[in-house]
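Work through the exercises below with the sequence and the 3D view at hand, and try each task before reading its solution.

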Amino acid sequence: MKMADQNVVLRRNRPGTKAENFYRWCDEAYEEMDSTLVVQQYIQQTIRLDHNNIDTILNAPETQDEGVWKYEHLRQFCMELNGLAVRLQGECQPSTCTQMTATEQWIFLCAAHKTPKECPAIDYTRHTLDGAACLLNSNKYFPSRVSIKESSVAKLGSVCRRVYRIFSHAYFHHRQIFDEFESETTLCRRFTVFVTKYNLMSRDNLIVPILEDESAGQGESEA
Amino acid sequence: MDEASSQNQLGGSANPAGVANRQNLEEPSQRIQYSIPGILHFIQHEWARFEMERSQWELERAELQAKIAFLNGERKGQENLKNDLVRRIKMLEYALKQERAKYHKLKYGTDLVQGDMNPPVEEGGEEGRVDPDAILSTNTNVSWKQSRHLLRQYLQEIGYTDTIIDLRSNRVRSLLGIDGGGNEENHNSTPAMNGSDTTKRQPDANRWNVTKKTPSCLEAQIQDAERAVIDNFEFLRSEGMEMDDDDDEEEPEEEEDVHRLKSPKVPKVALDVDDVDGESVDLDPDFRFLPDVEDTSPGVLGFGPGSRRVYGPGGEEDALEGLGELAQLTVTNEADATYDISSTKENFRKTWTAKYTLRSHFDGVRALCFHPQEPTLITASEDATLKLWNLQKTVPAKKSASLDVEPVYTFRGHLGSVLCLAMSGDGDKCYSGGIDGTIRIWNIPSSNIDPYDSYDPCVVGGSLSGHTDAVWGLTYHGQRQHLLSCAADSTVRLWSTDARSPLLYTYAVEKDGIPTSVDFVYESSNQFVCSFNTANCVIFDLETGKPVTRLDTETEQGSSSISRQINRVVSHPTLPLTITGHEDRHIRFWDNNSGRLVQSMVAHLDSVTSLAVDPNGLYLLSGSHDCSIRLWQLDSKQCVQEITAHRKKFDESIFDVAFHPSKPFIASAGADALAKVFV
């Protein structure tokens, strides 16, 4: 909201702002941002501009440290994935989806427990997202948001792998929800491009045929 | 057994010889009765005995070593104590020196007058004797007399009993009779007030006496000093003795006498140093002893068993004077010290430090709310989740300055940022309003559950729909069990927690602007106050929806409309006071009955985003986008503490602050996805 008399842009969503007016400020160039949460601001800004423009979203500015870039993107993914989890919450019952599966080949065990446990799908989803939140926010592995320890970069890969399973389960078992969500946010496609670009997961694990626009995909889709 | 067998073998082999030998040696053998088994037995027996003794020795040795260690420890303790006392003495010496300097300056001019004044009143006969001596000695003994005066004063003040004075004076007299001693060095003894023993006083007196000057001079001086001191004492006595309790606290290690001596003297001397000289004299016969004592007084009065040390550095003449100054000094020091202690204690009580950091959200935390009784809180974030935190479950962390907490439960249900939060009165339910226009009800699970437990759909308690735009304000009234919400669709709605027909009332308030925050008015029973983005703030009646009082906010002209927005309104729990936080950095206080502005103050460097009043109604907490939260005392409207917390994202920093209703916690919610709890 510009304050005309002072010509200073205050990027705030003040109380009383209507939903449609949220974030209605002009964009800020990456170089001009000077807070500690620059990367998150920038990513959210580009997504708001166009969530379909994956390349723009994922392309890091030149001076940006790659570790931090990956980390902040992963945070953003986990945050947006909450939307999918909320939609699944209604439909994915423990009685219908007793295990976390995607295709028939794979059953995924939930790593949030001391010994990996076969959680029902909705539990797996929640635990994975909660576990990712704890890990990505933990002071031990990620004490700072402007620099990432080398030893912690490996953790990003495991988080990606687990989070991807939510996509695959939704794709194969709750297709309608998945399609709705994907049309709103293009999240799965962006995620797939993200992990391939930064080599965070092996290709074999990318079982959701998101990049092939037409074909039905390798696995059988189970209702 | 081997031994036995070996015995047998030996015996067997030796037997023939042994038998022969024995027979040959019968006589000696009869006497001695040696046999191999016997010998072996004996050797074994002896060995066993030695072993036993050895073990006993070991035991004793261990005991003795323990004892040695213990005694060593004790010795160290005593040494430390001694060092402390020595240090204290040195401090007092130093203080005394300073006091002397001061007092010397003060008293130097007036001392003559005093000397002249006293004799006529008290002891006429001695005048003649005294005066020349006094005059002669005044110059040299001025300070000394002064110091004696002061000493007497102090004695008087502490109620130094007459018997002791008599005793001392007698002792001194006898010593004086024996020795002529210098007076001067006694002064040093006075400042050493700490830790004096009665036993030490005598040796001090002795020492002191040894160093005396000629007795005659001494006596003359004594009498002069006596009079002056008596004057002083009288003055002081008339003033009444105040025991400075602070002083008592300051020096627990002192003996009672010294203790009492110091403490009353302390306030008195501070007041009376200048006045003492000018006082009229009512001789107290008891104090006659004092002059005699005076010479030794510095030591004898018990000021300085530690005066041994004082002797050396003492240097200056004016024990009493120095003592007075010292007393002054101690007054101020102790008064200051205790003042500081009390104030720091208070400050300490009021000083909040960050204790817990709640990290788990992915985006800014927009609202937070404490549980009414337990040390748990719920945060609501722009990442569309709410999280339940238990402050007793912290993550073990190496950096112990601030403990990290992980959430116990994550509430998922909103499809967009959650903007506001309210907790029910009993802590079972919480209500959240979001950008999607819904108010969701959550049944709060126990704070001890496993975060990775199965999903329990019962946690989702339903949602209240009605608003058509982002819900910005939520507040819950414990007694009425009603929920009040305001949204960007320009309505304020009243809900009841009864599930069947939750929406009770919709107040259309768009003519005042878009509501930004609502609160129930606690002081009266049927009103709520609502603040708008147009800087209006109105108290409405709950039943009719009509405005009751319009708070007079039309004060500034010419400022842009945005800057006049009110971000937050809170109602005082007991007083008819409403407090608003504005985008123009001000916090304003309003009277509910008249609608008038009570006070307006610039509270922060940037807009004020959140306010919270403590449950007792004494403090106000405010958070701002300038990254600081400030604690204000409500009666004086003074800021008692400022805490810098949270980092900026875009131009936003702190969204919400809260007090715990029953425990000493305060919390702040930031745009950097953190929530912090302070104790």
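## Exercises on salt bridges and strands

**Exercise 1.** Classify A:Asp179 as buried, partly exposed or exposed from its relative accessibility, and then describe how its side chain is paired.

*Solution.* The relative accessibility of A:Asp179 is 40%, so this residue counts as partly exposed, since the partly exposed class lies between under 20% for buried and over 50% for exposed. The model is a predicted one, and in it the side chain of A:Asp179 meets that of A:Arg175 in a salt bridge, with 3.7 Å from N to O. This satisfies the rule, which asks for a nitrogen of Lys or Arg within 4 Å of a carboxyl oxygen of Asp or Glu. Both residues belong to helix H6 (residues 175-185) of chain A, where, being 4 residues apart, they are separated by about one helical turn. A:Arg175 is also partly exposed, with a relative accessible area of 35%.

**Exercise 2.** Find how B:Arg49 and B:Glu53 are placed in helix H3 of chain B, and do likewise for B:Arg75 and B:Glu79.

*Solution.* Helix H3 of chain B covers residues 36-108, and within it B:Arg49 and B:Glu53 lie 4 residues apart, about one turn of the helix. Their side chains form a salt bridge of 3.3 Å, N to O. B:Arg49 has a relative accessible area of 34% and is partly exposed, as is B:Glu53 with 23%. Further along, B:Arg75 and B:Glu79 are likewise 4 residues apart in H3 of chain B, and the closest N and O atoms of their salt bridge are 3.0 Å apart. Here too the residues are partly exposed, B:Arg75 with 46% and B:Glu79 with 35%.

**Exercise 3.** Which strands stand at the edges of the open sheet of chain B that contains E10 and E13?

*Solution.* Begin with the order, which is E10-E11-E12-E13 with antiparallel pairing. Strands E10 (471-477) and E13 (503-508) of chain B are at the edges, and each has a single partner strand, so one side of each is left without a neighbour in the sheet. From one strand to the next the twist averages 15°. Inside this order, E11 (residues 482-487) and E12 (residues 491-496) of chain B pair over 5 bridges, and B:Cys486 has B:Val492 in E12(B) as its bridge partner.

**Exercise 4.** How many residues lie between E24(B) and E25(B) in their hairpin?

*Solution.* There are 4 residues between the strands, and B:Lys637 in the turn has a positive phi of about 55°. E24 (residues 628-633) and E25 (residues 638-644) of chain B pair in the antiparallel sense over 6 bridges, and B:Ile629 is partnered by B:Ile643 in E25(B).

Technical notes. Residues numbered from 1 in each chain as written. Chains lettered and ligands numbered in written order. Predicted model: local features only at pLDDT ≥ 70, side-chain atom pairs only at ≥ 80, totals over all residues. Heavy atoms only, no water. Pairing = 2+ DSSP bridges. Helix = DSSP H or I, 4+ residues; strand = E, 2+ residues; numbered from the N terminus. Axes fitted to C-alpha atoms, helices over the stretch in contact; angles between N-to-C directions. Buried < 20%, exposed > 50% of the residue type's maximum accessible area, 1.4 Å probe, protein only.
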